[in-house]
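Subject: Structure for your review

Dear colleague,

I am passing on the structure below, followed by notes on what was found in it. Please read the notes alongside the coordinates.

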Amino acid sequence: MKISTIRPVMLSILLLVMSLPSQAEGDLETSGDVLHLALPAVALASTLMIEDDYQGAWQLAKSGISSRLVVEALKLGVDKQRPDGSGDDSFPSGHSADTFAAATFINQRYGWEYGVPSYVVASYVAYTRVASDKHHVEDVLAGAAIGIVAGWYFTDPYENISVVPLAYNGTYGVFISGRF
């Protein structure tokens, strides 16, 4: 199945995922938990529907697993209390790392038209973690950074088009490459 024929399906899936918070019985934390699972599931389902092989699924798995390993190592090494006092594993946010890894995978693999809504969902998940007193702002920012780096490192573009932000030695910009 070509990517041009699957775009309406992916857009419908993303719109469904973005509508879940309003369907989650008004509970902010629950809606974040649902989207924390739904966004990686959408990324996996999308890659399995679009591609004839499992390259995308393998790249998503590497992104998610490496991100989660870094998060869990830091949680063990950094003794930081959660704002609600429920534990000493506040830093970094695993929910943020997972959803930003999935959003970055979607963005890198399929482009900004799917990446932007995915990043909106990931940002909402991070917001719910702070608003429900499970994490401090720096916890979700660190989790997001871990997920983004893992997604960038392990994900190749699907149709040989890549958009990569650059920041080096005082120079900032965007690098776009591909076959045309």
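Which side chain meets that of Asp 84 in a salt bridge? The partner is Lys 134, with N to O at 2.9 Å, where a salt bridge is a side-chain nitrogen of Lys or Arg within 4 Å of a carboxyl oxygen of Asp or Glu. This pair links distant parts of the chain, since Asp 84 sits in the loop between α3 and α4 and Lys 134 in the loop between α5 and α6, 50 residues apart. Asp 84 is partly exposed at 34% relative accessible area, whereas Lys 134 is buried at 16% (buried means under 20% relative accessible area, exposed over 50%, and partly exposed in between, with a 1.4 Å probe and protein chains only).

On provenance, this is a predicted model, in which local features need pLDDT of at least 70 and side-chain atom pairs count only at pLDDT 80 or more, while totals for chains, interfaces and linings use all residues. Residues are numbered from 1 along each chain as its sequence is written, and side-chain values use heavy atoms, with hydrogens and water left out.

The structure holds eight salt bridges. Among them, Glu 138 pairs with Lys 80 at 2.7 Å, N to O; Glu 138 belongs to helix α6 and Lys 80 to the loop between α3 and α4, so this contact ties together parts that are 58 residues apart in sequence. Lys 80 also forms a salt bridge with Asp 139, the closest N and O atoms being 2.8 Å apart, and both Asp 139 and Lys 80 are buried, while Glu 138 is partly exposed at 43%.

Helix α6 (helices are DSSP runs of H or I with at least four residues, strands are E runs of at least two, and both are numbered from the N terminus) has 18 residues, and its end C-alpha atoms are 26 Å apart, which agrees with the expected 26 Å (1.5 Å times one less than the number of residues). Its buried residues include Val 140, Ile 146 and Ile 148, and what covers the buried residues of α6 includes α3 (55-77), α4 and α5.

The largest nonpolar core (buried Ala, Val, Leu, Ile, Met, Phe, Trp, Tyr and Cys residues joined through side-chain atoms within 4.5 Å) has 20 residues, of which Leu 39, Ala 43, Phe 100, Phe 105 and Ile 106 touch the most other members. Two or more residues each come from α2 (28-50), α4 (94-110), α5 (112-131) and α6 (137-154).

Best regards

Methods:
Contact means heavy atoms within 4.5 Å.
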